[in-house]
Structure formats: structure tokens, C-alpha cells
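Please open the structure in your viewer and keep the sequence panel beside it, since each stop of this tour begins with something to select. The stops follow one another in a simple order, and you can pause at any of them.

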Amino acid sequence: MGAAPGAGPGGAMDFSELFKLSGLLGRFSPDGKCLASCVQYRLIIRDVNTLQILQLYTCLDQIQYIEWSSDSLFILCAMYKRGIVQVWSLEQPDWHCKIDEGSAGLVASCWSPDGRHILNTTEFHLRITVWSLCTKSVSYIKYPKACQQGIAFTKDGRYMAVAERRDCKDFVSLFVCSNWQLLRHFDTETQDLFGIEWAPNGCVLAVWDTCLECLLMAVELWAIGPNQIINLFQYKILLYSLDGRLLSTYQAYEWSLGIKSIAWSPSSQFLAIGSYDEKVRILNHVTWKKITEFEHPATLSNTKAIVYKEVEKSPSVETERFSFPPTRALASSVFSTQSKYDISQVPVSFQYVKPVADRANPKMGIGMLAFSPDNCFLATKNDNIPNAVWIWDIQKLKLFVVLEQLCAIQSFQWDPRQPRLALCTGNSKVYLWSPAGCVSVQVPTEGKEGDFQIVSLCWHPSGDSMALLSKDNLCVCYLGREEVK
């Protein structure tokens, strides 16, 4: 284990054995008592504390998506290829529900906030079907738009927003979740609506315009004329109130690829907008104007920011202690490549990747961003600099820390209870940062190090543990709670 000066952000750490996994489907229940994982067509429910199997369910086909109900009493398994959703009860293991969309097909499935309705989106986005587990009634929502994020619920679960497309125009419909009655319906001033997201306080709905396929479409329309191409490129975010009023419109620039990602701060005071121009713009909730923008340069000359660089560390080996050949477990722990963090002196030049310009969804711009739960920090990733995570001080609106990894960032996520960031880079290490410092931890895998390549992770609701996910395995990492001063 390598740590930065000062107390490490992880404290005492322990790891479970590896469990088999398919499709990166590992989820903690909202109440924190269970861990669900999938292996092909089997759904396995484990006790979080002991990791003993509580229930084992067998589905009709390979599971492609799982989701817990809000009260942790039910879990849905979607099999998109078959157009089927199966729902299982933890309280009554013999009870289960099967929803078959038939010839309409299935491309998405999710719970309503009350945990008693399931929303299925049919193929070609012809409709959303709302199924009630209690009354077995069915409701339909027509014309849902095929976009990255077309359904959004308020945090209190009272309202649902749905992006729609009809007559070649974009609309948003607001529904009351208690009875699925239409509350508001309004058109949006977008060319090609790409996503919607409520502020955590449920008072403002962000609607944004973008087009990941713009470059390919531009090539096809080049013969028609440049004016047609200009209409494709949009950078626009619109903010609507609960009654459908347009509160504000923000447009940073025109005639270029626009918004790639957004994130609300937990307090709803800030809206961070990640763009293809490698910048993050921060809007405030009073005037909805830009208060600052964060740049992600290939060469950093900011002398006040700390740059932690991951470097390889060869472990010291006292060979006289061992008999040779060593056991697989011993060989894995002793001869595996360890790493630690060194503090780099500025200016620092990062590995910069120039994107392929004629492909859809180019690897450029701000692809990931997330606020810490206390609103103090914002973590970002610029896809042009894939090996770095940038951490910004939101109170001072300045760059605070950069973590430069040896491999590309696959995923990062904040501890839900404190400002502690976990990240993975596709190897068998997990990395943690907090204001106290950062640490690189090798997951002990008993000779399977090369097989356990962590590409995703998710925190337990308590922040005391997290699930580390690879293509074929799952491991639970237990952390000591850090004192937050």
C-alpha cells in the first residue's frame, strides 16, 4: 500500500473473496442490508455483513439489468432480448411476477419511486408501459423520446418528467407519480433534446440539447450545404420550473459540439455543465448565469494545485524467508506490481489523446463529473486526458488536486457520507482520495490478479464498504470510517 503524506483516506481496509459475476451487475440494496449480483440467468442475494447467500433466483434468460425497489423489498431483472421483466420478493421468496412485453419488445426498465410500479420502454420507443404490482393495472405513455436520459423523477418521488418527440418537435410531460395523471405538457426550445434531470430539491428541471452523432451526420449533409451542418451543432441548456415555465436558457457557444455531461450539486445551488471543448461551466441557482469555468489543460502550471502521480513500486523481497517455488497466493502478493503516489512539481504535462474527428461520440471533452455529498468538491474527467481525475474546490472555485494515474480512468464515485473519492483504472487496484491524502491499494486475489480487472465500483449507502466489479468477478472492499473534521 502506498499513501500520500498524512493520514490515508482509507484507514484499515479488508477484502472479501472473489465471487462470480456477469454483466457488471452488482448492486447494494437501498437499506444497505443486501447485495445482489448476477451470474448469467441466476440472481444471487447475499447478506452484506456475512456475504452468505440469502436467496437464489433463477430467471428465464440471461439477466441484462437489475434494480432494487426503493424499499429494498423487491428486485427486478430485465431480459431485453426476450422482452421480459421478472420481479422477485425478498419477504416472500415463493412469490414472483413476470411481465412480458411480447412483440412490442423492451429496451429499458425501471422502478417508480414508490417501488410498486414498473416502467417499461418498448422497442423503437413507441411507448412507456406503467405496470402496477398491486392492482395489476396498466397505463401507457406515448411518444417517449429515444435519448440518453429521457425519464427523470424528483428526489421526493412525487413527480416524473418524460422527454417526448412528436411531429418532429421535442416536448416534456410532467406526471404525478401517485396516480400517473398528466400535470403539465410543454414544448422545449431544443433542436434535438438529449437529456433531462431534476435538481435535487425538485424545483427545477434541466433540459439539454446535443447530438453525439453530429459529426457523422455532418459528413452526410456536406453535399447539401454548410448551412444544414450548422443547424446540427447545438450547445443549449434550458431550465424549467415545475409548472412548465422557462426560467433561463444558457448557451456557451455555437457552431460546435456542445454539452456532454451535467451534474447538479446536492444542495441544488450549482449546475455543472461538461462540454466537448474540455471545459466545465458552473451556473448558480439565483441568476442561472455562469459564475466560473474550469479548464483542463494538457500542461498544468497552477502552482497552488497538488498533482499526485501514480508510480510503480517494486516490493522489497526477503527471499531467504521463502521456500521455492512459492505458493500461488504468496507469489501474487509478493511479486505483483505495487504502486504509490508521488507529488509532482508543476508545470506538469499530462498524456493527451487527440480524438478521431470523423467518428460518432468522439473521445473528447468532459465525460464524467460528480459533486461530493457535502457540496465542497467537484470531480471531473476530460476524455482527452484519460489518465487524470481533476478535483475542484467549489467553495473557492479553484483547482484543488489532480490525480494522474498510470492507466485510463474507468470509473469514479464519491463516498455517499463524506468527501472521499474512489476510482478504478482497469487493473486489480482501487484508489482512494480525501482531503487527508490519497492511497493505492492492491486487491489480494490469490493468484488471480490478472483476472480481476476492476472497471466499475459502487459504494454501500453507509460509506463503510464498496463493491468492486470486473467483467467476471465481484469483490467487497471494507473500509474504516475516517474522522471528518
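Select strand β3, residues 19–20, together with strand β42, and you will see in this predicted model that the two pair in the antiparallel sense over two bridges. Within that pairing, Phe19 is the residue to highlight, and across from Phe19 in β42 stands Leu474.

Keep β42 selected and add strand β2, residues 13–15, which also pairs with β42 in the antiparallel sense, here over three bridges. In this case the residue to click is Met13, whose opposite number in β42 is Leu479.

A further partner of β42 is strand β41, residues 465–469, and this antiparallel pairing runs over five bridges. If you follow the chain from β41 into β42, you pass through three residues that lie between them, and the two strands form a hairpin. Leu469 is worth labelling here, as its bridge partner in β42 is Leu474, the residue that also stands opposite Phe19.

Is β42, with these partners around it, mostly buried or open to the outside? Colour residues 473–479 by accessibility: six of the seven residues of β42 are buried, so this strand is largely enclosed by the rest of the structure.

Next, select Ser16, which sits in the loop between β2 and β3. Ser16 has a relative accessible area of 11%, and because the limit for buried is under 20%, Ser16 counts as buried. Leaving out residues up to four places away in sequence, Ser16 touches Leu51, Cys475, Val476 and Tyr478.

**Three loops with particular backbone features**

Move to the loop between β13 (117–121) and β14 (127–132), where you will find His125. His125 is not a glycine, yet its phi is positive, near 50 degrees. With a relative accessible area of 24%, His125 is partly exposed.

Then go to the loop between β32 (366–371) and β33 (377–382), which holds Asn375. Asn375 likewise has a positive phi, about 70 degrees, although it is not a glycine. The relative accessibility of Asn375 is 22%, and Asn375 counts as partly exposed.

For the last of these loops, select Val346 and Pro347, which are joined by a cis peptide bond with omega about 0 degrees. Pro347 belongs to the loop between β30 (338–344) and β31 (348–349).

**Lys381 and the second largest pocket**

Return to strand β33 and select Lys381, which lies in that strand. Lys381 is buried, with a relative accessible area of 9%. Which residues does Lys381 contact, once its neighbours within four places in sequence are left aside? They are Gly365, Ile366, Gly367, Met368, Pro386, Ala388, Ile409 and Phe412. If you draw a distance between the C-alpha atoms of Lys381 and Ser411, the viewer should show 9.7 Å, for two residues that are 30 residues apart along the chain.

Now display the second largest pocket, which has a volume of about 290 Å³. Its lining is made up of 14 residues, and Lys381 is one of those closest to the pocket centre, together with Lys260, Lys363, Gly367 and Asp383. Sorted by class, the lining of this second largest pocket has six nonpolar, four polar and four charged residues.

**The largest pocket**

Turn next to the largest pocket, in which about 1700 Å³ of space lies. To find it, select Gln149, Phe153, Lys155, Glu197 and Gln413, which lie nearest its centre among the 43 residues of its lining. Which strand gives the most to that lining? The answer is strand β8, residues 65–68, which contributes four residues to the largest pocket. By class, the lining of the largest pocket comprises 26 nonpolar, eleven polar and six charged residues.

**Stepping back**

Finally, clear the selections and show the protein as a whole in ribbon form, in which three helices and 42 strands can be traced. The protein has 485 residues, and 53% of them count as buried. Of the contacts with a separation of 6 or more, 49% are between residues 24 or more positions apart. If you switch to a surface view, the accessible surface comes to about 22400 Å², and 50% of that area belongs to carbon and sulfur atoms.

How values were computed. Residues numbered from 1 in each chain as written. Predicted model: local features only at pLDDT ≥ 70, side-chain atom pairs only at ≥ 80, totals over all residues. Heavy atoms only, no water. 1 Å grid on protein atoms, 1.4 Å probe; cavity = no way out; pocket = protein on both sides within 12 Å on 5 of 7 lines; lining within 4 Å. Points joined across faces, edges and corners; volume = space filled by probe spheres on them. Nonpolar A, V, L, I, M, F, W, Y, C, P; charged D, E, K, R; others polar. Buried < 20%, exposed > 50% of the residue type's maximum accessible area, 1.4 Å probe, protein only. Contact = heavy atoms within 4.5 Å. Areas by Shrake-Rupley, 256 points an atom, 1.4 Å probe, with all protein chains shown as cover. Pairing = 2+ DSSP bridges.
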